[in-house]
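Student: I am new to this structure and should be grateful for a close look at a single part of it. Could you please take the annotated active site and describe its surroundings?

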Amino acid sequence: MISTVLTSRKSKAIAVWCGILLLVLCLHVYMSYQDVGVPGIGRRLYGDNSQFRDPPPYNQYGNAKTIKRPTEPKQPSTPAVPQKLYTPPDNEEKKQRFPRALIVGTGKCGTRALIDYLNMHPYVVTAKREMHFFDRDENWSRGVNWYKSQMPYSYSDQMTIEKSPSYVEHPRTPSAVKQMDKDMFILWVVKDPVVRLMSVMALQDENSNLRHAYLEYGRDGKLGIRKDYYPLWRGEYVIHLRRWLRYFPLSQIHVLDGTDLVKDPITQIQNVESFLQLQPLLGPRNFYYNASKGFYCMVPFSTTTPQCLGSSKGRKHPVINETVKTMLYDFFRPYNEQFFKLLGKRFNWEPKDRI
Ligand SMILES: Nc1ncnc2c1ncn2[C@@H]1O[C@H](COP(=O)(O)OS(=O)(=O)O)[C@@H](OP(=O)(O)O)[C@H]1O
C-alpha cells in the first residue's frame, strides 16, 4: 500500500516535471522562430539570418521614398534590383546596330552625364566612346560600316545611343544623319552659353592668358568680346538649330538645359525616356546626391553603389568681374532670344552670381 502511494506520487512528480520540460521546450522553439530578442536563443538554433530579413532598399519601381535604411545590421550586399527588368527576345543573338538616337552636343553642357544616365536603362546600350563619325573627315571616309562596327552589341529591342558633342555644329551632320536614318532621335544638351564658356575656360591653366581668350582689345583700345572665337560660336545655339531644322522637324529634336540636368536629373531623364519612347524605368532609385561633389551620381540597377563622373567634370570655373560678365551676357542675349523663339521654350539664362 505504502509502495503504491509512493509510486503514484513519484509518477505524478515525473508527469509534472515532464510537463514543465515540454513547456520550456515549446517556449524555446517559439522564441527562436519569432526572434523576440532574447539574446542568443534564436540565433544559436538557426544561425544569424538577420540580414535576410532587412527590407529591400527599393521597391519594385525604384521609389526611393519607400527606402528604409536599417543601420544595424548592414544591408545585404546583393543588389536590391527590381528583378527581370530586361529579358532578351527568344532565340536572338546580340549584334552591332546603328544608333537610333544621337546626343549631338553641345560640349561642356552635360553630354557625358546624359549618355551615362541613359546607359542605366535596360533597353539602352551606349557607344563606349565618342565616335566623331559625322564630324571628322578621317572617320567619315571610313564609311557607315566602319561606324556600325564600332557600336556595342545589342538585342533588337534595345536602343543604341552614341554621343559626340560637336556633331551639332558640323555642317555635314544634319543631312548625313538624315541619310542614315530619317527617324533618328536627336538629343541636344545646351547650357547658359556664358556658363558653358567658363566651363571651357576652366580647362585652361589658371595663370594662363588663354583663360580670357574670348576678350580682345578693339581698335579704339577698349576691351571687347572676340566675336570670332570658336567657343563663343558654339554657344550661338540658334545658328546650329536653324541648320538642323532644315532636315529634321523640331519634334524630333529634344533640347534640354544642362543646368537642369545637374539640379534635377530625375525629371530630365524621365523627359528623355518619354521622348525616346522608352519604358519609364529610371527614377529616384538611380540617383544619389553627392554633397561633397555637388553632383548626382548614378546608381545602376545592377548595384547599390553610387558611381560618379570623373574629376574632369565639375571643375572650378574662373571668376569674372561684373563688367566682363555683363559684356558676355549682352553678347549672347540676342542669340538666346532667337533660340528660345525657335524652340518655343525659354531657359533661365540671365546673369547669375556664380557662373
Ligand atoms: N552628374 C554630374 N557629374 C559631373 N558633372 C556633371 C554632372 N551632370 C552634369 N555635369 C556637367 O557636365 C559638364 C561637362 O559636360 P560634358 O560632359 O558635355 O563635357 S565634354 O564636352 O564631354 O567634355 C560639367 O561641366 P563643368 O562643371 O564645367 O566641369 C558638369 O557641370
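Tutor: The following account begins with the annotated residue and then turns to its surroundings. The model is a predicted one, in which local features need pLDDT of at least 70 and side-chain atom pairs count only at pLDDT 80 or more, while totals for chains, interfaces and linings use all residues. Residues are numbered from 1 along each chain as its sequence is written.

In an unreviewed entry, UniProt lists Lys108 under "active site"; such positions are given in the numbering used here, feature names are shortened, and annotations may be inferred rather than shown by experiment. Lys108 lies in the loop between strand 2 (101-105) and helix 3 (111-118). Helices (H or I, at least four residues) and strands (E, at least two) are DSSP runs, numbered from the N terminus. Lys108 counts as buried because it has 25 C-beta neighbours inside 10 Å; the term requires 20 or more other C-beta atoms within 10 Å of a residue's own, with C-beta atoms placed from the backbone. Leaving aside residues up to four places away in sequence, Lys108 touches Arg196, Ser199 and Val200, where contact means that the C-beta atoms, placed from the backbone, lie within 7 Å.

Arg196, Ser199 and Val200 are among the buried residues of helix 7. Of the nine residues in helix 7 (residues 193-201), eight are buried, and the buried ones pack against helix 8 (230-234) and helix 12 (322-343).

Ser199 also belongs to the surroundings of the ligand: 18 residues lie around the ligand, and Gly107, Arg112, Ala113, Ser199 and Lys313 come nearest. A residue is near a molecule if its C-beta atom, placed from the backbone, lies within 6 Å of it. Helix 3, helix 10 (258-263) and strand 11 (295-298) are the elements that give two or more residues to this shell. The largest share, three residues, comes from helix 3.

Strand 2, which precedes the loop of Lys108, is part of an open sheet of five strands with the order 3-5-2-6-9 and parallel pairing; two strands pair if DSSP finds at least two bridges between them. Strand 3 (124-126) and strand 9 (253-257) stand at the edges with a single partner strand each, so one side of each is left without a neighbour in the sheet. Strand 6 (residues 185-190) pairs with strand 9 in the parallel sense over five bridges, and Val189 has Leu256 in strand 9 as its bridge partner.

Notes: Buried ≥ 20, exposed ≤ 12 C-beta atoms within 10 Å, placed from the backbone. Contact = placed C-beta atoms within 7 Å.
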